[in-house]
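Student: Hey, got a minute to go through this one with me? I'd like to talk pockets and then packing.

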Amino acid sequence: MARQINLRQVEAFKAVIESGSISRAALILNISQPAMSKLIAHLEGDTGLSLFDRVKGRLAPTERGMRLYKEIDRIFSGVRQVENAVEAIRREEQGQLLVGVMPALSRAFIQQATMGFLQQHPNVFCSVKSRSSEWIVDWLVTRKLDVGLVSSRIDNPYVIAEPLTQHPLVCIMPTDHPLAMKNVVEPDDLDNIPFVSFDPESQAGQCIATMFDAYNVRPNTVLVANVSPTLCEFVAAGLGVSLVHPLMFSGLQDRLAIRRFEPALSYDFQLCRMRDSRNASLVDAFLQQARTTAARLSQESLSAA
C-alpha cells in the first residue's frame, strides 16, 4: 500500500523543477544532495508516478511530472494569497494611510512629509501614488485614497479641500544665467528669452500665459513639459528659464538660481480628504505634517531667491 506523501517531498520536487537540478535544489532547501535525491525517490515511490527521466545524469521532468508541478504551484500560489491576506489584516490593525500626490509634489516634498509622519507613527503602513489631480479626486471619492495633494481645481461636494501653502511663483534659471544678476525678475526680462514652459492646458501654464499676454511679452518657448520635475531638470541643465512654485523645485536649489518674480503670480496646491474620512486621526496627523513640511520647504526655497 502506497504511503502518503509529505510536505518535504513536495517542497523538494518543486525546488528541483524550478532550479533544474538536484544540486541547486539541495542548496535552496539547505540539505545534502543525497538527501534531496532520497526525497525525490520516495515521492516517486509513494505516488507510483515516474516524475523524472534520467538523461545523461540529469533529471528531466516527465509529462506526469509537469502536470503534478502545475497543481503544486497552484496550491502554493493559494498559500501565498493567504500570506498576503494575513499581512493586509496585520497592516489594517496597525493602521494604514493611502496618499495620492500630483507629480509636481512627488519629489522632495512628499518624501519629507511622509517620513516626518512615519517618525511619529512608525506602525502605520503608507502607500504613496503619483497621479493626475483628476485621478486623485476620483480615487478619494471611491475611497481608494485617504489623502490627496492636488492643484487648486477641485469641484466635488464630497471632497474637502484646503490650501497647502500660498506662495507666488518664482523665476528659476541655470546658475550662470544673465538674469541671475538681478534680485527681482519682471515680465519684460523674459521677452524673447529661452523659456521652458508648462503644458498650455495645465493650470500653471494658463496662469503664466495670461500674465505674458497682459504684459505683451513673447518668450522664446524652447520646450514644453507636462510635469514640473521634468521642467526643472531641463532648466537646471541650461535649456532656459521658467516660473514655478517653490515646492516644485525642492531638492534642486544647488543646481538652480532662484529669483523673486514681480508682479506676484499666486499658485496654490490643495490638501484633500473625504468629508467623512476613515482613519480620521491619521488623516489629520498627515495633513498637519504636510502643512509643516510645505511651509519649511517653501521658506528654504525662497531664502535662496
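Tutor: Sure, and keep in mind that this is a predicted model. Let's begin with the second largest pocket: by class, its lining has nine nonpolar, three polar and two charged residues.

Student: What's the volume of that second largest pocket?

Tutor: About 180 Å³. Of the 14 residues lining the second largest pocket, Ser197, Ala209, Phe212, Pro219 and Thr221 are the closest to its centre.

Student: Which elements give two or more residues to that lining?

Tutor: Those are β9 (194-198), α7 and β10 (220-225). Helix α7 gives the most, with five residues.

Student: OK, and the largest pocket, what's its volume?

Tutor: That one comes to about 470 Å³. It has 24 lining residues, and Met102, Ser133, Ser151, Ser202 and Asn226 are the closest to its centre. Two or more lining residues come from each of α6 (133-141) and α7 (203-214), with α6 giving the largest share, three residues.

Student: How does the lining of the largest pocket split by class?

Tutor: Eleven nonpolar, eight polar and five charged.

Student: Switching to packing: at what angle do α1 and α3 pack?

Tutor: Helix α1 (residues 7-19) and helix α3 (residues 33-47) pack at about 110°, and their axes are 9 Å apart. The angle falls within 65 to 115 degrees, so α1 is roughly perpendicular to α3.

Student: Is that crossing left-handed or right-handed?

Tutor: The α1 and α3 crossing is left-handed. Residues making the contact include Phe13 and Val16 of α1, and Leu39 and Leu43 of α3. By class, the contact residues are seven nonpolar, two polar and two charged.

Methods
Residues are numbered from 1 along each chain as its sequence is written. This is a predicted model: local features need pLDDT of at least 70, side-chain atom pairs count only at pLDDT 80 or more; totals for chains, interfaces and linings use all residues. Side-chain values use heavy atoms; hydrogens and water are left out. Axes are lines fitted to C-alpha atoms, for helices over the stretch in contact, and angles run from 0 to 180 degrees between N-to-C directions. Helices (H or I, at least four residues) and strands (E, at least two) are DSSP runs, numbered from the N terminus. Angles under 35 degrees count as roughly parallel, over 145 as roughly antiparallel, 65 to 115 as roughly perpendicular and the rest as oblique. A crossing is left-handed if the near helix is turned anticlockwise from the far one by less than a right angle, and right-handed if clockwise. Contact means heavy atoms within 4.5 Å. Ala, Val, Leu, Ile, Met, Phe, Trp, Tyr, Cys and Pro count as nonpolar, Asp, Glu, Lys and Arg as charged, and the others, Gly among them, as polar. On a 1 Å grid over the protein atoms alone, a cavity is a set of points where a 1.4 Å probe fits but cannot get out, and a pocket is an open set with protein on both sides within 12 Å along at least five of seven lines; lining residues have an atom within 4 Å of a point. Grid points are joined across faces, edges and corners, and a volume is the space filled by probe spheres set on the points.
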